[in-house]
Amino acid sequence: MSNQGIILIDLIGLGLILLALNLVRTHKLYVGYAVMWALAVAGAMVLISVPPLMAFITVSVGATFPASAVTLLAFVFIFIVLIFFSVELSTISSRQAELAQSVALNELMRKEQRIETVDPMQTKSDLLQTKE
């Protein structure tokens, strides 16, 4: 890759890292996710900026062209991120179900406590008068 291409990709990478930091600053992105993205972008920048490393990775994955090796690595990264987010989504879904059950139980207990506080000897008309 030409020096112009390497510089352009490094500038884009720095822009993406700054974007992730800004999203963390504005509380739109969790810090752990920002670190993951920053490391991925930094790794891609290093891979592309160091031609001998790029040649080694190309030979290691059995690719003919460096672009094929980068595409393969990007595909693997995206697949890993998809699995990671699927696990996160499953965890959140389980927590949501537990929370809904907990809220329902709390509401049921409150209703039962209100029923128990009513004197069973009071008549319906007595209850209506106390509410007014």
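## Briefing: a chain of helices

Among what covers the buried residues of helix α1 is helix α2. The model is predicted. Its chain has five helices and zero strands, in the order α-α-α-α-α along the sequence. Of the 132 residues in the chain, 11% are buried.

**The chain as a whole**

- The chain has about 10700 Å² of accessible surface. Carbon and sulfur atoms account for 70% of that surface.
- Take the contacts between residues at least 6 apart in sequence: 49% of them join residues at least 24 apart.

**Helix α1 and its buried residues**

- Helix α1 covers residues 3–25.
- Its 23 residues should span 33 Å at 1.5 Å a residue. The end C-alpha atoms are 33 Å apart, so the expected span and the model agree.
- Five names make up the buried set of α1: Gly5, Ile6, Gly13, Ile17 and Ala20. The cover over these residues includes α2.
- An α-helix has 3.6 residues a turn, so residues three or four places apart point the same way.

**Leu23, in α1**

- Leu23 belongs to helix α1. Leu23 counts as partly exposed because its relative accessibility is 27%, between the 20% and 50% cut-offs.
- Beyond its neighbours within four places in sequence, Leu23 contacts Lys28 and Leu29.
- Leu23 and Ala34 are 11 residues apart along the chain. Their C-alpha atoms are separated by 8.2 Å.

**The loop between α1 and α2**

- His27 sits in the loop that joins α1 to α2. The position is just after α1.
- The phi of His27 is positive, at about 60 degrees, although His27 is not a glycine.
- Most residues other than glycine have a negative phi.
- His27 is exposed, because its relative accessible area is 74% and the cut-off for exposed is over 50%.

**Aromatic pairs**

- The whole structure holds five aromatic pairs.
- Tyr30 and Tyr33 form an edge-to-face pair, because their planes stand at 75 degrees and the cut-off for this class is over 60. Their ring centres are 5.6 Å apart.
- Tyr33 also pairs with Phe84. The centres are 5.8 Å apart and the planes lie at 85 degrees, so this pair is edge-to-face.
- The pair of Tyr33 and Phe84 ties together parts that are 51 residues apart in sequence, because Tyr33 lies in helix α2 (residues 31–49) and Phe84 in helix α4.
- Tyr30, Tyr33, Phe84 and Phe85 make up one aromatic cluster.
- Within this cluster, Tyr30 is exposed, with a relative accessible area of 59%. Phe84 is partly exposed, at 32%.

**A nonpolar surface patch**

- Val61, Leu72, Leu73, Phe75, Val76 and Ile80 form a nonpolar patch on the surface. Together these residues have about 520 Å² of accessible area.
- Leu72 of this patch lies in helix α4, which takes in residues 66–117.
- Leu72 is partly exposed, with a relative accessible area of 37%. That value fits patch membership, because patch residues need over 30%.

Key: Residues are numbered from 1 along each chain as its sequence is written. This is a predicted model: local features need pLDDT of at least 70, side-chain atom pairs count only at pLDDT 80 or more; totals for chains, interfaces and linings use all residues. Side-chain values use heavy atoms; hydrogens and water are left out. Patches are made of residues with over 30% relative accessible area and no salt bridge: like charges are joined within 9 Å, nonpolar side chains (Val, Leu, Ile, Met, Phe, Trp, Tyr) within 5 Å. Accessible areas come from the Shrake-Rupley method with a 1.4 Å probe; for residues, only the protein chains shown count as cover. A salt bridge is a side-chain nitrogen of Lys or Arg within 4 Å of a carboxyl oxygen of Asp or Glu. Helices (H or I, at least four residues) and strands (E, at least two) are DSSP runs, numbered from the N terminus. Buried means under 20% relative accessible area, exposed over 50%, partly exposed in between (1.4 Å probe, protein chains only). Rings of Phe, Tyr and Trp (its six-membered ring) pair if their centres lie within 6.5 Å; planes under 30 degrees apart count as stacked, over 60 as edge-to-face and the rest as tilted. Contact means heavy atoms within 4.5 Å. The expected span of a helix is 1.5 Å times one less than its number of residues.
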